[in-house]
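Here are a few exercises to work through with the model open in your viewer. Try each task before reading its solution.

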Amino acid sequence: MNIKRVVLIGGTGFVGHAVANRLVEAGVQVVVPTRRRSRAGHVVLLPTVEAVEANVHDPATLEHLLAGADAVVNLVGILHSRGGEPYGPDFAQAHVELPKKIVTACRNTGIRRLVHISALGASADGPSGYQRSKAAGEAAIRSTGADLDWVILRPSVIFGRDDRFLNLFADLASAFPILPLAGADTRFQPVYVEDVAEVVWRSLSTPGAAGRIFDVAGPRVYTLRQLVEYVSAQIGKPRPVIGLPEGLAMLQASLLELAPQPLMSRDNVRSMRVDNVVTDGAPLPFGLQPTAIEAVVPSWLGDGTVRSRYYPFRRHARR
């Protein structure tokens, strides 16, 4: 497919930066909507990226953004929401209503290709509002039938130099001598952010990808305990991990929810009732080989590298 211009919704975040960079490498013009242009400083430096101040939840604005584009990528996702059934209002807005608006805008502007980022474990009967809302968003995309050449991607937890996953554990290990952990035995299959970006590009440019749902994961399965132990060892501060029973985990999460930017929520704890792994098929589509954590993480967290000595300062400066 000849993709020349892509609207990247949710493009100012950690994953968005990697995807924008991959699209630029392919010679694509990238439009990144953002509520405040100051949030897009790291992507506007890329040569073919245009950041536009816009509210993507407004249907008219969304149609204006999409006019003249060849494809749309929706990366929007949140981890926390106010309560509600089957999911809270914040999950509803980000994971369900926004995809519906994007579908409508695609129809009205004649855009055929839509790549939608969901989540591994999305399920209408999942234990958490996050999982149920992600499934509802998928349903909104699939309901378009042949009107759109959609592709749905279901990544496991995504890691990379600027992630909020492994870096969070590194910060906690630096601050506390013992790490009490919810979901310590839950299994994850973390996927490298650059691999996710490559899958997004292949999903845009491969005609046969239309109408497919792809799992996106790494080469190895780890328990959360193993990941935390690995990270703490990498930064030279190995810490004992104390797995919390769900009752205590929910109490811990309810207290953490009071913070302006919660590290954990009760909905997150519910998500960890099920493993976050690929159960059938290859971890990556298109014949791609996934990158192992051990192959890249030591370059920015490893205690023995010169680069790693500067990384704590870069992390806290968000650079």
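**Exercise 1. Work out the strand order of the seven-stranded open sheet, and say which strands stand at the edges.**

Solution. This is a predicted model, so load it as such and start with the pairing.
- Step 1: the seven strands line up as β3-β2-β1-β4-β5-β6-β11, and they pair in parallel.
- Step 2: β3 (49-53) and β11 (212-216) each have a single partner strand, so one side of each has no neighbour in the sheet. Those are your edges.
- Step 3: going from one strand to the next, the twist averages 20°.

**Exercise 2. Find what stands opposite valine 7 and leucine 153 in the sheet.**

Solution. Take the two strand pairs in turn.
- Step 1: β1 and β2 run parallel and are joined by three bridges. Here valine 7 faces valine 31 of β2.
- Step 2: check the cover on β2 (residues 29-34), where five of six residues are buried.
- Step 3: β6 (residues 149-155) pairs with β11 over five bridges, again in the parallel sense. Across that pair, leucine 153 sits opposite phenylalanine 214.

**Exercise 3. Decide how the axes of α4 and α5 are oriented to each other, and then place both helices on the sheet.**

Solution. Go from angle to contacts.
- Step 1: the axes of α4 (residues 89-109) and α5 (residues 129-142) come within 8 Å and cross at roughly 5°. Angles under 35 degrees count as roughly parallel, so α4 is roughly parallel to α5.
- Step 2: look at who meets whom. The α4 side includes Phe91, His95 and Val103, while the α5 side includes Tyr130, Ala136 and Ile141. By class, the contact has eight nonpolar, four polar and two charged residues.
- Step 3: α4 packs on the sheet by touching β1 (5-9), β4 (71-74) and β5 (113-117), with its direction at about 180° to that of β4.
- Step 4: α5 lies across β5, β6 and β11, at about 165° to β6.

**Exercise 4. Identify the residues with the most contacts inside the largest nonpolar core, and the helix that gives the most to it.**

Solution. Begin with the core, then zoom in.
- Step 1: this core has 71 residues, and Leu153, Leu204 and Val297 have the most contacts inside it.
- Step 2: helix α7 (residues 193-205) gives the most, with seven residues.
- Step 3: leaving aside neighbours within four places in sequence, leucine 204 contacts residues including Met1, Ile3, Leu23, Val73 and Arg113.
- Step 4: another core, of 23 residues, lies apart from the largest one; among its members are Ile9, Val31, Ala54 and Ile152.

Note on methods
Residues are numbered from 1 along each chain as its sequence is written. This is a predicted model: local features need pLDDT of at least 70, side-chain atom pairs count only at pLDDT 80 or more; totals for chains, interfaces and linings use all residues. Side-chain values use heavy atoms; hydrogens and water are left out. A nonpolar core is a set of buried Ala, Val, Leu, Ile, Met, Phe, Trp, Tyr and Cys residues joined through side-chain atoms within 4.5 Å. Buried means under 20% relative accessible area, exposed over 50%, partly exposed in between (1.4 Å probe, protein chains only). Helices (H or I, at least four residues) and strands (E, at least two) are DSSP runs, numbered from the N terminus. Contact means heavy atoms within 4.5 Å. Axes are lines fitted to C-alpha atoms, for helices over the stretch in contact, and angles run from 0 to 180 degrees between N-to-C directions. Angles under 35 degrees count as roughly parallel, over 145 as roughly antiparallel, 65 to 115 as roughly perpendicular and the rest as oblique. Ala, Val, Leu, Ile, Met, Phe, Trp, Tyr, Cys and Pro count as nonpolar, Asp, Glu, Lys and Arg as charged, and the others, Gly among them, as polar. Two strands pair if DSSP finds at least two bridges between them.
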